[in-house]
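This report describes the fold, the nonpolar cores and a surface pocket of one protein chain. The sequence and the structure are shown first.

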Amino acid sequence: GLGRGGDRRVPPPLAPPPPAGSPGARPGIASPDKLGGKPLNRLGVRTKGPIKVYAVGEYGDTFLLQMSYGVGAAKMSAALGDALKPRCGDSKLIADFEACLTKGLPNGAPKGTKLQFDTSGGGVGISVNGKSVGSVSGKPLASAFSGIYCDGNAVCKMNSVDDVGSDGEVGGGEKLITPVRLGMVGAAVGWGIGKLVC
C-alpha cells in the first residue's frame with residue numbers, strides 16, 4: 001500500500017504508441033498519398049456491425065478499397081451490386097459489373113486485397129491488386145459507383161484527409177476517444193496521482 005512504510009514507487013507513465021507498421025502497432029490500413037498520379041482526397045471505412053470490412057480512399061474519380069476482413073467473391077460483388085441498385089436503373093450494367101468483379105476475384109477478396117475502381121471514361125474499370133480484370137462501359141454505372149461513397153446515402157462516411165489525426169483515426173467527431181487518446185489521458189492521470197501521493 002501507500003501507507004506508512006509502504007512502497008511509494010509510482011509506475012512509469014504509459015509509453016507512446018509504437019510507430020505504424022511496427023510490431024505492436026494498432027492494426028490499420030495505410031492508403032497511398034497518390035494513386036495513378038492522383039492525390040488522396042478522402043478516406044472512409046466500410047463497416048458491417050462491429051466489423052471493419054474495408055478502407056476506401058477516393059482519388060478523384062478512382063476509388064481504392066483495401067480489405068481488412070476477408071470476403072468471398074460472390075458476397076463482395078453482390079454487396080457492391082446492391083449498393084448500385086438504388087443509384088443505377090440499368091440492371092444489365094449492374095449484372096455485368098457483378099460478373100466482371102466476381103471473375104476478377106477467383107480466390108475471393110481476402111484480407112489485404114486491393115480493389116481499384118476507375119469511374120472516368122464513361123464506365124467503371126476494375127483492377128485487383130494492381131492488375132486490370134476488366135471494365136464495364138456505361139456513364140450511369142460510373143456515376144452510380146461514385147455515388148456509393150459520395151452521395152447523400154453513401155455506404156460509409158468519407159472524411160477529408162485533413163481530418164485524419166496522427167493517431168490514424170478519422171476525424172469528424174466519429175471517435176472522440178481513441179485507444180491512443182485514452183492511453184494519453186491514463187498516463188496524465190497516473191502522473192498527476194503520482195505527484196499528489198509523492
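The account below moves from the overall architecture to the cores, the pocket and individual residues.

**Overall architecture**

The model is predicted. The protein contains 4 helices and 9 strands, and from the N terminus its elements follow the order β-β-β-β-β-α-α-β-β-β-α-β-α. Of its 198 residues, 33% count as buried. Among contacts between residues at least 6 apart in sequence, 54% join residues at least 24 apart.

**The nonpolar cores**

The largest nonpolar core comprises 34 residues, and the members that touch the most others are Leu-80, Phe-97, Phe-117, Phe-145 and Tyr-149. Two or more residues of this core come from each of β4 (51-59), β5 (62-67), α1 (73-84), α2 (91-104), β6 (114-118), β7 (123-128) and α3 (139-150). Helix α3 gives the largest share, 6 residues.

The surroundings of Phe-117 illustrate how this core is assembled. Beyond its neighbours within four places in sequence, Phe-117 is in contact with Asp-61, Thr-62, Phe-63, Leu-65, Leu-80, Phe-97, Leu-101, Val-124, Gly-125, Ile-126 and Phe-145. A second core, separate from the largest, has 5 residues, among them Leu-35, Leu-40, Tyr-59 and Leu-64.

Helix α3 consists of 12 residues and spans 16 Å from its first C-alpha to its last, close to the 16 Å expected at 1.5 Å a residue. Its buried residues are Leu-141, Ala-142, Ala-144, Phe-145, Ser-146, Gly-147, Ile-148 and Tyr-149.

**The second largest pocket**

The second largest pocket has a volume of about 320 Å³. It is lined by 16 residues, of which Arg-46, Lys-48, Val-53, Lys-75 and Ala-79 are the closest to its centre. Strands β3 (42-48) and β4 and helix α1 each supply at least two lining residues, and α1 provides the largest share, 6 residues. By class, the lining has 11 nonpolar, 1 polar and 4 charged residues.

**Individual residues**

Two buried residues, one in a helix and one in a strand, are set out in the table.

| Residue | Element | Relative accessible area | Partner and C-alpha separation |
|---|---|---|---|
| Ala-83 | α1 | 10% | Ile-94, 9.9 Å |
| Gly-123 | β7 | 7% | Ser-137, 4.1 Å |

Ala-83 lies in helix α1. With a relative accessible area of 10%, Ala-83 falls under the 20% limit and is therefore buried. Residues up to four places away in sequence apart, Ala-83 touches Ile-148 and Val-155; Ile-148 is itself among the buried residues of α3. Ala-83 and Ile-94 are 11 residues apart in sequence.

Gly-123 belongs to strand β7. Its relative accessibility is 7%, so Gly-123 also counts as buried under the 20% limit. Although Gly-123 and Ser-137 are 14 residues apart along the chain, their C-alpha atoms are separated by 4.1 Å. Outside its neighbours within four places in sequence, Gly-123 is in contact with Asp-118, Val-136, Ser-137, Gly-138 and Ala-142. Of these partners, Ala-142 is one of the buried residues of α3.

Where does Asn-129 lie? Asn-129 is found in the loop between β7 and β8 (131-137). Its phi angle is near 50 degrees, a positive value in a residue other than glycine.

Methods: Residues numbered from 1 in each chain as written. Predicted model: local features only at pLDDT ≥ 70, side-chain atom pairs only at ≥ 80, totals over all residues. Heavy atoms only, no water. Core = buried A, V, L, I, M, F, W, Y, C linked by side-chain atoms within 4.5 Å. Buried < 20%, exposed > 50% of the residue type's maximum accessible area, 1.4 Å probe, protein only. Contact = heavy atoms within 4.5 Å. Expected span 1.5 Å × (residues − 1). 1 Å grid on protein atoms, 1.4 Å probe; cavity = no way out; pocket = protein on both sides within 12 Å on 5 of 7 lines; lining within 4 Å. Points joined across faces, edges and corners; volume = space filled by probe spheres on them. Nonpolar A, V, L, I, M, F, W, Y, C, P; charged D, E, K, R; others polar.
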